[in-house]
Every structure is written in structure tokens, then in C-alpha cells.
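Student: Hi! I'd like to get a feel for this one, so please walk me through the strands and then the rings.

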Amino acid sequence: MRAFPEVAVREAAELGEGPTWDPAAGRLIWVDILSARVHTYDPATGRRTVMATGQHVGAAKPREGGGLVVTLRDGTGLYGADGAFSWLARDPVPGRRGNDAAVAPDGALWAGTMRYDEAEGGGTLSRIAPDGTVRTVLDAVTVSNGTGWSPDGRLMYYVDTPTRRVDVFDVDGERVLNRRPFADLGQVPGWPDGLTVDAEGCVWVAFWDGAAVRRLTPDGRPDLVVDLPVRRPTACAFGGSGLRDLYVSTARTGLAAPHPLSGSLLVLPDLGQGLPGTPFAG
């Protein structure tokens, strides 16, 4: 499918990531990991904000009552509605940082880490409860990326990028069980990165170095390719009025001659139907 994305935010982000719709504020939140910035964008007014974090920021998600939960180099932190910062779960590991994260239907944060050198098995995937209790779910992850849940909350989808797969787990309360391949993407150009799940249970995956977002049906079959002008889309999320617009974050890091839109936040209007997100309960 030939896409003609619009530019939501023209930006030269080094490593744009993690678009997330904040329904309470009517805005899109995304991060530039390597520039240690959290961006917001209100599509109704065009208003933007940019907030510096003290460390590389892998993800930023809305909290109940306002503010943000963020995954940083040294752990997980909280910003209050007034902008005040505090650590929720601090666990510094030399050479490691937070990467992609997602909030589960029960309000817990599922946060990934990775090593800066992308050493095999050097990262983790952990569940962080609202009270800050951390339980490591996977401890041999390389590049922890997209995480999402089926519309009924019974399945969790997950990407460890170098595997070139989307895996799926059964959800049992606070646990996930029975990990298995959902889609083997080894023959698809690029590397699976961030993902989102729509109201029909389809899984949309951004492909780093693949210049595309691809949709997988609930049984794991690729059925739609949205070509993009940028080489490194990183993640996608539905937002805007009615959750029908697909926002795509992009990166320019490592590219000798990046496309002029590399690093911008793109939007594909009226592309599908998203699921309402859950704010972090902490």
C-alpha cells in the first residue's frame, strides 16, 4: 500500500520512539531516546512541548491523575502533574538503559531494557507494579521492543528485535505464560521494532531499516504494508479523534544521508481503529 503520510511534528530526533496517545490531555506523547527528550503534540491545536530528562529516556507513558512514568538509563521514574521527578524503581546497571515500554490493561508498566552495545541477552523485560515492585519476566533479552495486548486482554505480544519475530504469550493475571512465535518475520525487509494492537486484534509493527509499517491479522498473517519515505520507522500508535490516525515515530541515528523527514513524527490519517490505552496506575 502506498502511503502519503502527513508530518505531525517536523523534528530531527536522533531516535524518536514510543508514540502514545494520552486521552485525558488529548495529546500524543513520544520520546527522543538519545537526546533525552520527552515530546508532546496536541493535534487539535498544534501545541507542542519538549521536556529534557536527566538521562536517556526509553519510553514515557501517561499516569492516572496526570504526569508521566518514564524508563530511563538507571530505572523507572515518575513525573508529577507539576513536573516534579522521583524514582519509582532505581536499578542502575553499567552499559544498560531503558528501552520500549507499555502499560498493561491492569495499569502495570511492562518495561524493557537493552545494552548500549546491543550485546546478546544483555537486556530484560520486567513488570513494574504501581507501588514500584519489579518482577523480571524475561532476563535474556537483546533489544526489548514492542509490547501490546489483545482487545480482550488474554494475549500479550512482544518483540525482541534481533529474533525477527513477534511472539505471543497467554495472560494469567499478572503473569504471562506459554511464549510462542506469533509471526516469523525473517523474510521481511528490516527489523521488527515497536508495535500497537488495534480494535480488531490486528498487530501493527514498525520495521527499522524496512521503511514500512506492517499489519498482521489476529492469526499472525501479514495482510497490509504501509510504505514510508523514511528508512527507520521505530514504533506506531493510534491517536487523535476517535483513535483512527496512526502516528509513527522515526529515527535518523546512524544514517549517513537521512531523508529530510527522518526523526519526525508522521501521521497516517484514518488508517484504522485503535484501542483505548490504560494510564499507569502509579
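Tutor: Two strands pair if DSSP finds at least two bridges between them, while strands (E, at least two residues) and helices (H or I, at least four) are DSSP runs numbered from the N terminus. The model is predicted, so local features need pLDDT of at least 70 and side-chain atom pairs count only at pLDDT 80 or more, whereas totals for chains, interfaces and linings use all residues. Residues are numbered from 1 along each chain as its sequence is written, and side-chain values use heavy atoms, with hydrogens and water left out.

Student: Good. How many helices and strands are in the protein chain?

Tutor: The protein chain has 0 helices and 24 strands.

Student: Let's start with strand 4, then. Which residue in strand 4 does Asp-32 stand opposite?

Tutor: That's Arg-37. Strand 3 (residues 27–32) and strand 4 run antiparallel and are joined by 5 bridges. Their hairpin has 4 residues between the strands, and Ala-36 there takes a positive phi near 55°.

Student: And what is the bridge partner of His-39 in strand 5?

Tutor: Val-50. Strand 5 covers residues 48–52, and 5 bridges join it to strand 4, again antiparallel. This hairpin has 6 residues between the strands, with Gly-46 at a positive phi near 80°.

Student: How many residues of strand 4 are buried?

Tutor: 4 of its 5 residues (37–41) are, so to speak, mostly covered. Buried means under 20% relative accessible area, exposed over 50%, and partly exposed in between, using a 1.4 Å probe and protein chains only. For the protein chain, 56% of the 282 residues count as buried.

Student: New topic. In what order do strands 10, 11, 12 and 13 form their open sheet?

Tutor: The order is 10-11-12-13, with antiparallel pairing. Strand 10 (96–103) and strand 13 (134–141) are the edge strands, each pairing on one side only. Neighbours in this sheet are turned by 20° against each other on average, direction ignored; axes are lines fitted to C-alpha atoms, for helices over the stretch in contact, and angles run from 0 to 180 degrees between N-to-C directions. Strand 12 (residues 123–128) is joined to strand 13 by 5 bridges, and Gly-123 has Val-141 as its bridge partner.

Student: Why is one side of strand 18 and of strand 21 left without a neighbour in the sheet?

Tutor: Strand 18 (191–197) and strand 21 (222–227) stand at the edges and each has a single partner strand, so one side of each has no neighbour in the sheet. The order is 18-19-20-21, an open antiparallel sheet of 4 strands. Its twist averages 25° from one strand to the next. Strand 18 pairs with strand 19 (residues 203–208) over 5 bridges, and Val-197 stands opposite Val-203.

Student: On to the rings. How many aromatic pairs does a search of the whole structure find?

Tutor: 5 aromatic pairs. Rings of Phe, Tyr and Trp (its six-membered ring) pair if their centres lie within 6.5 Å; planes under 30 degrees apart are stacked, over 60 edge-to-face, and the rest tilted. Tyr-79 and Phe-85 form a tilted pair, 5.1 Å centre to centre with 55° between the planes. Ring pairs link both of them with Trp-87 into a cluster.

Student: Is Tyr-79 buried or exposed?

Tutor: Tyr-79 counts as buried, at 9% relative accessibility, while Phe-85 is partly exposed at 35%.

Student: Last one: over what dimensions does the C-alpha trace span?

Tutor: About 45 × 40 × 40 Å along the principal axes.
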